[in-house]
Amino acid sequence: MEDPKEPVCQSYFFLKPEGASFLELLCLLCSSDVGKRRFIEIECSEEDVNKVTELRRRWVIFISVVLQWSFLFFRDPLARTGDVFDKWLNLILANGGLLKLFINRLKGKVVKPDSFTSKLSVVGNVDWRIELDDNIKPEDTRYKGALSMMAAKWSYENEDLVKTVVNDHWKMKFLQFYNFWNDYLGRDSTQAFLFQDTTSNPNLIVVAFRGTEPFDADEWSTDLDISWCEFSEVGKAHSGFMKALGMQPNNTWPLELKTEQVNVDQPHRFAYYTIRKKLIDLLQENKSAKFILTGHSLGGALAVMFAAVLAMHGYEREYELLMERLEGVYTFGQPRVGDAKFGGYMKEKLQKYGVRYMRYVYSNDLVPRIPYDDKTLFFKHFGPSLYFNSCYKGKVLEEEPNKNYFNPLWFIPKSLNAVWELIRSFILPLRRGSEYKEAWFMRALRVVGLILPGLVAHAPQDYVNLTRLGSLPSLANPNNIIPQENSKVD
């Protein structure tokens, strides 16, 4: 019998792009009867159905499905391209740059990547930094943000690299590395790792979720999906992020899958249940420890969703204790994850347990501005935006400027800002030191950013910089929100 307190998915709207044909897509634009489309699964109120059938909503659905279908169609070629790209980037890194690789090849003395550089991901080649900033101590208000961003950056790498960095460079305790199963995709897709910062008091456990891999078609498809599921008393949440954490195929978060049933010997491990069990074990061993959740991009969305599902199960005392030990959620370039009701639910729960929600946004980053917050889509951010401009000067705002990104009035300011970011990449290391010297690949992306500034602004480079160099009033109390209309954004 179903527990009356258990979170129940009372309505949903799912897109299944693999079932879409050209004719079906054409019918979607021409007919308001969306329930007949084979690639749409819908069970919701009449009010929500009426919204979905509006032409502008059907147009957005059309675009979302076409983009998802395109990524899925090119899944294998994209993955192979990524493998080749990784190898070339690491070969260039091992030889000290593109020019030196060319010279070494002429001399017949090409340096092969070592055990470390041969395994770096594309994201790792964007920002090579390994060490934490020695100038930011545990008592510094910037410390947890800076540590969280470095963890979020390294979450893109493989287990061997992560373990080496945490143990040998950061001098902290590596705990566990995971690649979790997604039942909806039918494969492992959700990567995360845990480590313990024994330098802080009390000991701090960090859970870092990986963001979107540049050549992973399934993850891009998740980002572009506008599907949702609504849970009673919680609100509507992005279903792709829920699925990545371990929502079951019947669209529920059952307590039947209890923590004691989740173990490393299971053929398929789900992110939420496995990490929850691990945290319970760790926090029982160390009564003074707390934990934080973090992630960049998609990883930030998963960090928020983990806290949301934990709050949904908070009626169980064991899981409520986890909420009491949750120090904060630190996200970087996080997309919107739910509607206004979901935001209200999360605000209430985070305030109840004294959990800090630190949502960092850099300049013109595209990702925090999607999915759209307008009359067509319902997605909204909750909590303050810790917004930093391209000089790393921060403000605490209700919403980042140009909240839906594609406003034509912002085209020229964004382009000029991209030019400044390219120039700044040469100036910053001269003023701040060699650790701020950008990789050749990042500078190449800056050039691309002259055309697509929002994509390059999403890279980890600037998020690491803002946690180290940024100034932000009221950082110690991010709930002091400066109203958007009364704020001047530099």
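This report describes the confidence, one helix, the nonpolar cores, the cysteines and some backbone features of a predicted model.

Residues are numbered from 1 along each chain as its sequence is written, and side-chain values use heavy atoms, with hydrogens and water left out. Because the model is predicted, local features need pLDDT of at least 70 and side-chain atom pairs count only at pLDDT 80 or more, while totals for chains, interfaces and linings use all residues.

**Confidence**

The predictor's confidence in each residue is given as pLDDT, from 0 to 100. Its mean over the chain is 88, and 92% of the residues reach 70 or more. Helices (H or I, at least four residues) and strands (E, at least two) are DSSP runs, numbered from the N terminus. Among these elements, strand β5 (residues 204-209) has the highest mean pLDDT, 98, and helix α2 (residues 46-53) the lowest, 85. Over residues 258-264 pLDDT stays under 50, and the model has 16 contacts (heavy atoms within 4.5 Å) for them beyond four places in sequence. The stretch 478-490 is also below 50, with 31 contacts in the model beyond near neighbours in sequence.

**Helix α15**

Helix α15 comprises 22 residues, 411-432. From first C-alpha to last, α15 reaches 30 Å, close to the 32 Å expected at 1.5 Å a residue; the expected span is 1.5 Å times one less than the number of residues. A kink of about 35 degrees is centred on R424, where the bend is the angle between axes fitted to the seven residues ending there and the seven starting there. R424 is also one of the buried residues of α15, which include K414, N417, E421 and L428. Buried means under 20% relative accessible area, exposed over 50%, and partly exposed in between (1.4 Å probe, protein chains only). The cover over the buried residues of α15 includes β10 (356-362), α16 (440-448), α17 (453-456) and α18 (460-469). After α15 comes G433, with a positive phi near 115 degrees.

**Nonpolar cores**

A nonpolar core is a set of buried Ala, Val, Leu, Ile, Met, Phe, Trp, Tyr and Cys residues joined through side-chain atoms within 4.5 Å. The largest has 61 residues, of which F209, M242 and L293 touch the most other members. Helix α12 (residues 298-312) supplies the largest share of this core, 13 residues. Apart from it lies another core, of 42 residues, including W154 and F193. Not counting residues up to four places away in sequence, the contacts of L293 include V207, F209, F306 and Y330.

**Cysteines**

How many disulfides does the structure hold? There are zero, a disulfide being a pair of cysteine sulfur atoms within 2.5 Å. The sulfur of C229 lies 4.9 Å from the closest cysteine sulfur, in C9, which is too far for a bond. C229 is buried, at 0% relative accessibility, whereas C391 is exposed, with a relative accessible area of 53%.

**Backbone features in loops**

The peptide bond from I370 to P371 is cis, with omega near -15 degrees, and P371 is placed in the loop between β10 and β11 (385-388). Two residues other than glycine with positive phi are set out below.

| Residue | Phi | Loop | Relative accessibility |
|---|---|---|---|
| K171 | near 60 degrees | between α8 (159-169) and β3 (173-182) | 59%, exposed |
| Y392 | about 65 degrees | between β11 and β12 (394-397) | 4%, buried |
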